[in-house]
Amino acid sequence: MTDRDRTAGRDLERTLKWVARAIWAALLVGSIGILVSSGTSLHQHGQMTERASGVIVGLVDAPDYHHTSYFYPQVELTTASGPVRFVGGMEKPEGTYSVGDTVEVIYSPDDPSLAELASAGAFGQHATATAIGALMLLVVLWLGLRAVRRGKSERAS
């Protein structure tokens, strides 16, 4: 093996280490972003303590899923501070909701614009996303710690 081959091998090794570090940093930032975003949603969901009946006043098209029609229900309800209109956060297949249907809604008494349908899955979605973000963060930190330890042991030998 020539000096030129050894130099090329070291350069490739350095480049791969930098690529691995960049991927690790992107995963770290992404997992923190997921954790913060879903944690905020979970916190907002926890502030929604009031229940009311709402009426579906419209259906908003959701993105196309394999040529199946999905919609977000547009709901209106009346709170102590007046009428509130919002678009439900979970898309449903066509026919699930119809204009005029009555649905149960939860909302924040301090800020009635924080409202969503009182479906059983709403809290679960926020909690699941938070758990996924936390798990991703732990895995990324563990991988980073392993890489640091491996680097120290390679330098020591």
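**Figure 1. The largest nonpolar core brings together twelve residues.** The members of this core are A52, I56, V75, L77, V84, F86, Y97, V103, V105, Y107, A115 and L117. Strand 1, strand 2 (70-79), strand 3 (82-87), strand 5 and strand 6 (115-117) each give two or more residues to the core. Strand 5 is the biggest giver, with three residues. Please keep in mind that this is a predicted model. As general background, nonpolar side chains tend to be buried together in soluble globular proteins.

**Figure 2. A close-up of F86, one of the core residues.** Which residues does F86 touch, not counting those up to four places away in sequence? The view shows P73, Q74, V75, L77, V105, A115, E116 and L117 around F86. Among these neighbours, V75, L77, V105, A115 and L117 also belong to the largest nonpolar core, as does F86.

**Figure 3. The chain as a whole, to help you place the close-ups.** Two helices and six strands make up the secondary structure of the chain. From start to end of the sequence, the pattern runs α-β-β-β-β-β-β-α. Of the 157 residues in the chain, 24% are buried. Among contacts with a separation of 6 or more, 58% are between residues 24 or more positions apart. The chain exposes about 10600 Å², and 60% of this area is supplied by carbon and sulfur atoms.

**Figure 4. R51 and E104 meet in a salt bridge between two strands.** Their side chains come together with an N to O distance of 2.8 Å. R51 sits in strand 1 (residues 50-61) and E104 in strand 5 (residues 102-107), so the pair links distant parts of the chain, 53 residues apart. Is R51 buried or exposed? R51 counts as exposed because its relative accessibility is 53%, and the cut-off for that class is over 50%. E104, at 42%, counts as partly exposed. The structure holds four salt bridges, including this one.

**Figure 5. Two salt bridges lie along helix 1.** D11 pairs with R14, and their closest N and O atoms are 3.2 Å apart. What separates D11 and R14 in helix 1 (residues 3-47)? The two are three residues apart, which means about one helical turn lies between them. D11 is partly exposed at 37% relative accessibility, and R14 is partly exposed as well, at 47%. The other pair in this view is E13 with K17, where the closest N and O atoms are 3.8 Å apart. E13 and K17 are four residues apart in helix 1, again about one turn of the helix. Both E13, at 45% relative accessibility, and K17, at 37%, count as partly exposed. In general, side chains of opposite charge can pair when their charged atoms come close.

**Figure 6. S31 is a buried residue of helix 1.** The relative accessibility of S31 is 0%. Which residues is S31 in contact with, once its neighbours within four places in sequence are left aside? They are G133, M136 and L137.

**Figure 7. K17 and A147 are paired here by position.** A147 belongs to helix 2, whereas K17 lies in helix 1. Although 130 residues separate A147 and K17 along the chain, their C-alpha atoms are 9.9 Å apart. A147 is partly exposed, with a relative accessibility of 42%.

**Figure 8. A nonpolar patch lies on the surface.** W24, L135, V139, L141, W142 and L143 form the patch, and together they have about 560 Å² of accessible area. Helix 2 (residues 120-156) gives the most to the patch, with five residues. One of the patch residues, L141, has its place in helix 2. L141 is partly exposed, with a relative accessible area of 41%.

**Figure 9. Confidence across the predicted model.** The average pLDDT of the chain is 78, and 79% of the residues score at least 70. Where is confidence lowest, and where is it highest? Strand 4 (residues 92-93) has the lowest mean, 70, while strand 3 has the highest, 88. As a friendly caution, predicted coordinates should not be read in detail where pLDDT is low.

Key. Residues numbered from 1 in each chain as written. Predicted model: local features only at pLDDT ≥ 70, side-chain atom pairs only at ≥ 80, totals over all residues. Heavy atoms only, no water. Buried < 20%, exposed > 50% of the residue type's maximum accessible area, 1.4 Å probe, protein only. Core = buried A, V, L, I, M, F, W, Y, C linked by side-chain atoms within 4.5 Å. Contact = heavy atoms within 4.5 Å. Patch = residues over 30% accessible without salt bridge, like charges linked within 9 Å, V, L, I, M, F, W, Y side chains within 5 Å. Areas by Shrake-Rupley, 256 points an atom, 1.4 Å probe, with all protein chains shown as cover. pLDDT = per-residue confidence, 0-100.
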